[in-house]
Amino acid sequence: MSKAVQQDDGDRELGFDAPAEADATIVTSADPLRSLLELPQALVEECRVHLEDDGLKIRAVDPANVGLVSLSVPASSFETYAVAGSLTIGLPLDTLAKSVRFARKRQDDPVRVDVLPEGERARLRAAALRPNQRMRRVSEFYTIDPDSIREEPDVPDIELPNMAAPDVDALGDAIAGLERLNEHVWLSRDGETFIIGSQPIGERQLNEDNELVDTVAFPEAAWSENGADSARGSVFSMDYLSDAIGALDAAKADRVTLSFGDEFPTRIRGEWVEWGFTATFMVAPRIESESQ
Amino acid sequence: MSKAVQQDDGDRELGFDAPAEADATIVTSADPLRSLLELPQALVEECRVHLEDDGLKIRAVDPANVGLVSLSVPASSFETYAVAGSLTIGLPLDTLAKSVRFARKRQDDPVRVDVLPEGERARLRAAALRPNQRMRRVSEFYTIDPDSIREEPDVPDIELPNMAAPDVDALGDAIAGLERLNEHVWLSRDGETFIIGSQPIGERQLNEDNELVDTVAFPEAAWSENGADSARGSVFSMDYLSDAIGALDAAKADRVTLSFGDEFPTRIRGEWVEWGFTATFMVAPRIESESQ
Amino acid sequence: MSKAVQQDDGDRELGFDAPAEADATIVTSADPLRSLLELPQALVEECRVHLEDDGLKIRAVDPANVGLVSLSVPASSFETYAVAGSLTIGLPLDTLAKSVRFARKRQDDPVRVDVLPEGERARLRAAALRPNQRMRRVSEFYTIDPDSIREEPDVPDIELPNMAAPDVDALGDAIAGLERLNEHVWLSRDGETFIIGSQPIGERQLNEDNELVDTVAFPEAAWSENGADSARGSVFSMDYLSDAIGALDAAKADRVTLSFGDEFPTRIRGEWVEWGFTATFMVAPRIESESQ
């Protein structure tokens, strides 16, 4: 029984108008679907989605090869999740996101997405109900040929011994605050204190060329997996780090863990307790100027 | 006795400073006047206003001749409505609207508008009180020579047998949602279900050139006046339909009724129970491409 | 004991990491510091700040020599205010303001600013705590050579007999409302009624060239110090007057007093009862057109 039926308060049921045949069907309340779409949207406009028996998986890398995201969503995240075998589609993220946004989070509006078979390119059919307004939106659009989408990245399995797990909202506020003044950002650790530093140009010290050093410290948020007292990470472009952290914050990750080391990429891993998602962003460092 | 007197909480009365002679005077709380101005503003920057004994009337057509609005406001909509005989003025809508917006809806601030006689062009004097802030704004400006304003349209009396009366807020949300993805819109009816469809280009079917079909359905909102099971209306520019519907929603119409037929304009009629306004928008269809 | 300690709800104290040596130190909750920075920001991007034993003083004039501000902040406005002797720094207002904005007004987040000695140019170190999020932001940046900043203006001691003290919020709303339609503004007084008038061009009368006269009247807000029944002030650029009044409103002055006379500048004086600030803006009149 669909959620829409339970919420319906009219005489007649406002339900989904199910298509005759579908290769895959997802029924869910708006919030988890809207949230998961925000994660790849931080880096790309389109991506491959692998629909398997036990859930869906997305991996994508931005066109400049600086940031990647790997997302795993178990079938149990959704009310209904049914796939005939396994299936890969090319998803125009913005089209689905704008359509699904018609379903309101606060009202817990239900959404149904069907993948419809059709020759070379599958179609997507996204339906959103607003039971209290007695209306249903249905958007139907072609998916993208998966082979025409940028190849999926390997997620490098690097050992990054410096760890930090600040509060997700605090981390989002910190990066948003630093972003107002600076274009570069670096991570470091001083004992249990996790530090996000940033400055206008790619240097860490205040000097004649670098007029500002700006840091946010989280006193009890860091630890080391190799016993070192302190460590510094690499310098990153603010845009990539703030897009990744902003997406994890907007998608309401329950826990975010950052791992970093000098001259290495940074790994930012989000976990969702109730929904069961896991998402990993990796951001490559900038090549620092020689004056460092 | 003016409303301002009743609301005044100071020792001295904050009232309107009435001009010595006026050809017409309207006193009202802010909300109905601000709302009625939004209706012609959806299509034009200036319009003729006919002030008669029993109320005021506005008809206007946009410069491209695609949308028209006809608005009737009875004298009883206002606290005071007095006209010496009958009078036509040319109204610069934006000037009056910005001045009147000084009166706040939530605080029920009172407004007084006087038409002052003066040679060839009348002047308008709009006064808005904010009793709790002890201040009064008075804007005085010339009206426009009515003969210099685009001629008023005839409102065609076409029989349009397909009818729909969705909830006003829901309709406003639907058109706002569709507008994010599409530039064309069409109306249709399937039994009692009213459907607003839209797509990027002017075609109704999903095909290689038309990558998206997007519909919002209102299951119990439609009926026919000629007994037909279903019907489709014409294709319209999204801008005109969303401007008309957006204005009716913003002006808080209590009921909106749409009438449509294939290859005909669409009529959108708004009614206000308490204020007594009626407003009719008509939007001309686009010429559809031959591939239809 | 710093405020941060009291607010801290964790096991460990989230405090300020005080620098070894500082020429001046201010500790305060966010609100007064954020508010005082808004006052010179209405006119300039950088200014000299004189730190004396008993408080700090700022005077600045905009690049066009039209508006000036003089601000006096007593030491008692802050929780801690310590200066070694007296000190003048050149302050990049926007950098400090953006950093300090990290401390939230509603949460009463504490801020600490240190002036650090360093050769020719001092550095500023601004620290903001968010105790409930367990994080601390520290921004360190160079001050500006005071000699390179536009010379400070003398504040002319002109007798301006026409006075008005409207409610601060009402005054802010009035100027914001007038600003939507007009680029010029003038002040006048009719007995106890204070009037802000404005129009599109620099004339006070409605005529063929000047299509709108727009006034806000405050009936019991004005008085004269020389016994005259009524008076009119000069015409000003809307931008300067609205920037000054907007800044006083945003900075939450408890009382604003305007003084004006014909062909003279206008003085706008703000007072803060609790914080003890006083700020005076002066705005020079426009040269009126001969048709007046």
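**Interfaces between chains C and A and between chains B and C**

In the antiparallel pairing described below, Val213(A) has Glu140(C) of E9(C) as its bridge partner. The structure is a predicted model, in which local features need pLDDT of at least 70 and side-chain atom pairs count only at pLDDT 80 or more, while totals for chains, interfaces and linings use all residues. Residues are numbered from 1 along each chain as its sequence is written, chains are lettered from A and ligands numbered from 1 in the order in which they are written, and side-chain values use heavy atoms, with hydrogens and water left out.

A good place to start is the pairing itself. Strand E13 of chain A (residues 212-218) and E9(C) are joined by 6 bridges and run antiparallel; strands here are DSSP runs of at least two residues (E), helices are runs of at least four (H or I), and both are numbered from the N terminus. Two strands are said to pair if DSSP finds at least two bridges between them.

Around this pairing, 20 residues of chain C touch 23 residues of chain A, where contact means heavy atoms within 4.5 Å. The size of an interface is often given as the accessible area lost when the parts come together. For chain C and chain A this buried area is about 1,900 Å², with 49% of it on carbon and sulfur atoms; the value is the accessible area (1.4 Å probe) that two parts lose on being put together, summed over both. Chain C and chain A share 3 salt bridges, each defined by a side-chain nitrogen of Lys or Arg within 4 Å of a carboxyl oxygen of Asp or Glu. One of them links Arg134(C) to Glu220(A), at 2.6 Å from N to O. There are also 9 residue pairs in polar contact, both residues at pLDDT 80 or more. A polar contact is a pair of N or O atoms within 3.5 Å; within protein, one must be able to donate a hydrogen and the other to accept it, and residues adjacent in sequence count only if both atoms are side-chain atoms.

On the side of chain C that touches chain A, helix H3 (93-100), strand E8 (123-130) and strand E9 (135-142) each give two or more residues. The largest share, 8 residues, belongs to E9(C). By residue type, this side holds 6 nonpolar, 4 polar and 10 charged residues; Ala, Val, Leu, Ile, Met, Phe, Trp, Tyr, Cys and Pro count as nonpolar, Asp, Glu, Lys and Arg as charged, and the others, Gly among them, as polar.

Turning to chain B and chain C, the contact involves 20 residues of chain B and 22 residues of chain C. Met135(B), Arg137(B) and Tyr142(B) lose the most area to chain C on the chain B side, together 28% of what that side buries. Arg137(B) also forms a salt bridge with Asp214(C), with the closest N and O atoms 2.6 Å apart. Asp214(C) lies in E13(C) and is, in addition, the bridge partner of Ser139(B). E9(B) and strand E13 of chain C (residues 212-218) run antiparallel, joined by 6 bridges.

Finally, the arrangement of the copies can be described. A turn of 120° with a shift of 0.0 Å along the axis lays chain B on chain C with an RMSD of 0.0 Å, the superposition being by least squares on the C-alpha atoms of residues with pLDDT of at least 70 in both copies. The two copies are therefore related as by a three-fold rotation axis. In chain B, the C-alpha nearest this axis is that of Arg106(B), at 15 Å.
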